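Dear colleague,

I am handing over the structure we spoke about, and I would be glad if you kept it open while reading the notes underneath.

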Amino acid sequence: MRIAVVGTGYVGLVTGSCFADLGNQVICVDVDRKKIKGLQKGVVPIFEPGLEEVVHRNMGKRLTFTTDLGKAVQQSDFIFIAVSTPPGKDGEADITNVKAVARGIAKNINRYKIIINKSTVPIGMGDVVTQIIIKNGPKDVTFDVVSNPEFLREGSAVTDLLRPDRVVIGATRRSAAQKVAEIYKPLNSPIVITDLKSAEMIKYASNAFLATKISFINEIANLCDAVGADVRQVAKGMAYDPRIGGQFLNAGLGFGGSCFPKDVSALVKIGQKNHSSFRILPQVMDVNQRQRQLFLEKIRRVVGPLEGKVFAVWGLSFKPNTDDMREAPSLTIVPALVKAKARVRVYDPVAMEKSHGLFKRIKFAKNPYEAAQGADAVLILTEWNEFKQVDLKKLKGMMKHAVVIDGRNMYSNEELSDEGFAYYGMGRGEVLDFG
Ligand code: NAD
């Protein structure tokens with residue numbers, strides 16, 4: 001099939017290259033000339049396990065890159081929109097990019113096409129795209145607009161795209177949805193066909209539900225700290241109940257990234273606009289923000305005043321296996337430490353390059369040990385596997401005080417206390433009174 005994918009970010013590039021890997025002819029489009037120039041030479045601009053291999057395997061054969069939207073539209077039968085929909089004013093989703101692409105499609109549409117929206121957009125956006133094309137496009141060309149929200153996770157995006165739990169396709173005409181379903185057929189995943197608006201809602205409802213689960217377990221963790229229970233054991237006991245399930249029950253610094261914070265805020269706005277305000281979701285956001293403040297509070301209680309203290313920060317990206325820094329807890333915690341006149345050395349296995357320019361007055365270390373040299377405490381902000389593999393004896397030998405404050409509950413108390421560390425996790429029954 002001939003497919004255009006507009007937007008070559010985390011979603012677009014993974015989608016385009018994986019569709020090419022399935023044997024389709026794919027042309028990827030972006031307005032970012034530098035990115036496209038790099039991709040034409042095989043430079044993959046993001047860190048995503050397995051992505052470089054898929055891109056290189058298909059480049060020049062079934063996968064090409066361009067900034068020319070017109071060319072891509074004209075030569076394709078399916079046009080996927082995968083551009084960014086960042087948070088706009090008051091948390092509302094900014095749909096400027098999607099509208100721009102819709103106008104570009106209208107200008108260049110030359111025969112029947114299916115336009116598939118993969119960007120996360122407010123409910124009703126499918127109709128907006130349809131109207132833009134009707135208004136700006138030729139009168140004698142027909143098309144269908146389909147919603148196909150994406151559920152891939154950064155860090156495992158290639159696997160997620162090729163082995164999705166489900167593929168959701170929303171359309172006004174079932175025949176259009178079925179044609180899109182053909183693209184996904186080789187994946188043998190369940191395909192859920194719905195109307196347009198329900199598909200758009202499924203994406204927001206799924207992300208908001210998962211965010212709620214995280215904030216819920218974080219509040220349980222805070223109570224665990226207060227009463228002396230261990231949230232890891234609590235979550236394990238809860239997870240055996242199939243109605244609850246074990247995923248997204250890891251207490252810690254809360255959710256970040258480009259999706260959960262913005263999608264929850266956008267859904268809150270959609271609720272308000274439609275006179276159906278959410279009560280629960282603003283609290284989910286509040287709890288998430290508070291989690292970072294509680295972590296800072298915990299650091300203060302463990303090490304005392306922050307001024308002059310030396311901290312090794314392990315992990316900057318919002319989660320492991322990605323270099324994405326959007327809404328990462330490190331963006332709140334590191335500047336707060338610096339503001340309190342602490343000395344901060346940071347290390348992240350892949351997000352160092354993207355972090356330059358995001359932080360002021362910190363040192364970037366080459367490895368976890370260099371960051372920990374002479375430190376009063378190690379602060380774990382992202383649960384990279386590499387941090388589980390450190391030599392604890394060596395680490396202890398180089399720190400001023402053997403203290404680990406683990407915002408991601410990577411370690412068990414025993415592992416670290418056996419090596420002589422003072423260890424503090426999240427909700428691990430430390431009975432630190434937060435008032
Ligand atoms: P991204 O910021 O990584 O990439 C978006 C790309 O779109 C950029 O390369 C940008 O240059 C390009 N772009 C913007 N306007 C354009 C235009 N008019 N024409 C062509 N290209 C344009 O974003 P992303 O993380 O890939 O997310 C894309 C969409 O998918 C968003 O709506 C997001 O909410 C959704 N989504 C993201 C994820 C994720 O994990 N990142 C998962 C599911 C859904």
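The notes below take up the ligand site, then the aromatic pairs, and then a few single residues.

Please keep in mind throughout that this is a predicted model, and that every value quoted here was computed from it.

I begin with the ligand and its surroundings. The shell around the ligand holds 25 residues, of which Asp-30, Lys-35, Thr-85, Glu-154 and Lys-262 come nearest. By character, the residues of this shell divide into 9 nonpolar, 8 polar and 8 charged. Two helices, α1 (10-21) and α5 (96-108), each supply at least two residues of the shell. Where does the ligand lie with respect to domain 1 and domain 2? Residues of the shell come from both domain 1 (2-194) and domain 2 (229-435), and the ligand therefore lies between them.

The polar contacts of the ligand involve backbone as well as side-chain atoms, and I list three of them here. One oxygen atom of the ligand is 3.0 Å from a polar backbone atom of Tyr-10, and an oxygen atom of the ligand is likewise found 2.9 Å from a polar backbone atom of Thr-120. With Arg-326 the partner is in the side chain, where an N or O atom is 3.3 Å from an oxygen atom of the ligand. As for cover, the ligand taken alone exposes 820 Å², and the protein buries 89% of that area.

I turn next to the aromatic rings. A search of the whole structure finds 7 aromatic pairs, and two of these may be worth following in the viewer. The rings of Phe-19 and Tyr-184 have centres 5.5 Å apart and planes at 80 degrees, and because planes over 60 degrees apart count as edge-to-face, this pair is classed as edge-to-face. Phe-19 belongs to helix α1 whereas Tyr-184 belongs to helix α8 (residues 174-184), so the pair ties together parts of the chain that are 165 residues apart in sequence. Both Phe-19 and Tyr-184 are buried, and ring pairs link these two residues with Phe-80 into a cluster. A further edge-to-face pair is formed by Phe-255 and Phe-260, with 5.9 Å from centre to centre and 75 degrees between the planes; both Phe-255 and Phe-260 are buried.

Three single residues complete the account. Thr-66 has its place in strand β3 (residues 63-66), and its relative accessible area is 7%, so that it counts as buried. A polar atom of the side chain of Thr-66 lies 2.9 Å from the backbone nitrogen of Asp-68.

Is Ser-277 buried, partly exposed or exposed? With a relative accessibility of 47%, Ser-277 counts as partly exposed, and its place is in the loop between α11 (260-273) and α12 (280-303). The C-alpha atom of Ser-277 is separated by 43 Å from that of Leu-39, the two residues being 238 residues apart along the chain.

Glu-297, finally, lies in helix α12 and is partly exposed, with a relative accessible area of 27%. Between the C-alpha atoms of Glu-297 and Gly-91, which are 206 residues apart along the chain, the separation is 27 Å.

With kind regards

Terms used:
Residues are numbered from 1 along each chain as its sequence is written. This is a predicted model: local features need pLDDT of at least 70, side-chain atom pairs count only at pLDDT 80 or more; totals for chains, interfaces and linings use all residues. Side-chain values use heavy atoms; hydrogens and water are left out. A residue is near a molecule or strand if one of its heavy atoms lies within 4 Å of it. A polar contact is a pair of N or O atoms within 3.5 Å; within protein, one must be able to donate a hydrogen and the other to accept it, and residues adjacent in sequence count only if both atoms are side-chain atoms. Accessible areas come from the Shrake-Rupley method with a 1.4 Å probe; for residues, only the protein chains shown count as cover. Helices (H or I, at least four residues) and strands (E, at least two) are DSSP runs, numbered from the N terminus. Ala, Val, Leu, Ile, Met, Phe, Trp, Tyr, Cys and Pro count as nonpolar, Asp, Glu, Lys and Arg as charged, and the others, Gly among them, as polar. Domain bounds come from an automatic or database domain assignment. Rings of Phe, Tyr and Trp (its six-membered ring) pair if their centres lie within 6.5 Å; planes under 30 degrees apart count as stacked, over 60 as edge-to-face and the rest as tilted. Buried means under 20% relative accessible area, exposed over 50%, partly exposed in between (1.4 Å probe, protein chains only).
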